[in-house]
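Trainee: I should like to learn how the features of a model such as this one are read. Could we go through them one at a time?

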Amino acid sequence: MGFKSKARKKRNAAHGSSSEKKSKDIEFEGTVKCDIKDCNNWADKKVGGRKMAYDRAVDVWGSSAFPRKTKKVSLCKTHYRVWKKEKKGEPKEWE
Ligand SMILES: [Zn+2]
């Protein structure tokens, strides 16, 4: 009657399929802030932010919306959309 010697089980550190979460913009921490005064959104490219000439933005919100004057302002996705709406410019694809 032989005992079955149990082979030592080596635990394979199975890196199973690490479920990649698709990044939603929850607590996204960016580096560029929307330049519009009361806006706290990020204007990083990653989250759909845009830069545009100061004058073009002032056209829509007025210079008072921009505490600091720069040649280019950063807009968050939301504000960029607003801007597009206001300008009714040529429609560009928006993803
Ligand atoms: Zn904004």
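Mentor: Let us begin with the metal site. Along the chain, the donors of the zinc ion follow the spacing C-x4-C-x36-C-x2-H. Please keep in mind throughout that this is a predicted model.

Trainee: Which atoms coordinate the zinc ion, and at what distances?

Mentor: A metal site is read from its donor atoms. Here the SG atoms of C34, C39 and C76, together with ND1 of H79, coordinate the zinc ion at 1.9 to 2.3 Å.

Trainee: What is the geometry of the zinc site?

Mentor: The geometry is judged from the angles among the donors. The four donor atoms of the zinc ion make angles of 105 to 115°, and the site is tetrahedral.

Trainee: Are C34 and C39 buried or exposed?

Mentor: Relative accessible area decides this, and a residue under 20% is called buried. C34 has a relative accessibility of 6% and therefore counts as buried. C39, at 8%, is buried as well.

Trainee: How is the fold of the protein chain laid out?

Mentor: One reads the elements in sequence order. The protein chain has two helices and two strands, in the pattern β-α-β-α. Of its 95 residues, 23% count as buried. Among contacts between residues at least 6 apart in sequence, 46% join residues at least 24 apart.

Trainee: Which residues have the most contacts inside the largest nonpolar core?

Mentor: That core has 14 residues, and those with the most contacts inside it are C34, I36, M52, F66, V73 and L75. Helix 1 (54–61), strand 2 (72–75) and helix 2 each supply at least two residues of this core. C34 thus appears both among these core residues and among the zinc ligands.

Trainee: What does I36 touch, leaving aside residues up to four places away in sequence?

Mentor: On that basis, I36 touches W61, A65, F66, L75 and H79. One of these residues, H79, also coordinates the zinc ion through ND1.

Trainee: How many aromatic pairs are found, and how is such a pair described?

Mentor: A pair of aromatic rings is described by the distance of the centres and the angle of the planes. A search of the whole structure finds three aromatic pairs. In the pair of W61 and F66, the ring centres are 6.4 Å apart and the planes stand at 75°, so the arrangement is edge-to-face. W61 is partly exposed, with 21% relative accessible area, whereas F66 counts as buried at 4%.

Trainee: How are the rings of Y80 and W83 arranged?

Mentor: Y80 and W83 form a stacked pair, with 5.8 Å from centre to centre and 20° between the planes. Because they are three residues apart in helix 2 (residues 77–87), about one helical turn separates them. Both Y80 and W83 are buried.

Trainee: Which residues do ring pairs link into a cluster?

Mentor: The cluster consists of Y54, W61 and F66. A ring may also face a charge: the charged end of K33 sits over the ring of W42, 5.3 Å from its centre.

Trainee: Where is K45, and is it buried or exposed?

Mentor: K45 lies in the segment before strand 1 (50–53). Its relative accessible area is 77%, and K45 is therefore exposed. The C-alpha atoms of K45 and T31 are 9.7 Å apart in space, while the two residues are 14 apart in sequence.

Terms used
Residues are numbered from 1 along each chain as its sequence is written. This is a predicted model: local features need pLDDT of at least 70, side-chain atom pairs count only at pLDDT 80 or more; totals for chains, interfaces and linings use all residues. Side-chain values use heavy atoms; hydrogens and water are left out. Donors are N, O and S atoms within 2.8 Å of the metal (3.2 Å for Na, K and Ca); water is not among the atoms, so sites may look incomplete. Four donors count as tetrahedral if all angles lie between 85 and 135 degrees; four count as square planar and six as octahedral if opposite donors are over 155 degrees apart and all others between 65 and 115; anything else is irregular. Buried means under 20% relative accessible area, exposed over 50%, partly exposed in between (1.4 Å probe, protein chains only). Rings of Phe, Tyr and Trp (its six-membered ring) pair if their centres lie within 6.5 Å; planes under 30 degrees apart count as stacked, over 60 as edge-to-face and the rest as tilted. Helices (H or I, at least four residues) and strands (E, at least two) are DSSP runs, numbered from the N terminus. A charge sits over a ring if NZ of Lys or CZ of Arg is within 6 Å of the ring centre and within 35 degrees of the ring normal. A nonpolar core is a set of buried Ala, Val, Leu, Ile, Met, Phe, Trp, Tyr and Cys residues joined through side-chain atoms within 4.5 Å. Contact means heavy atoms within 4.5 Å.
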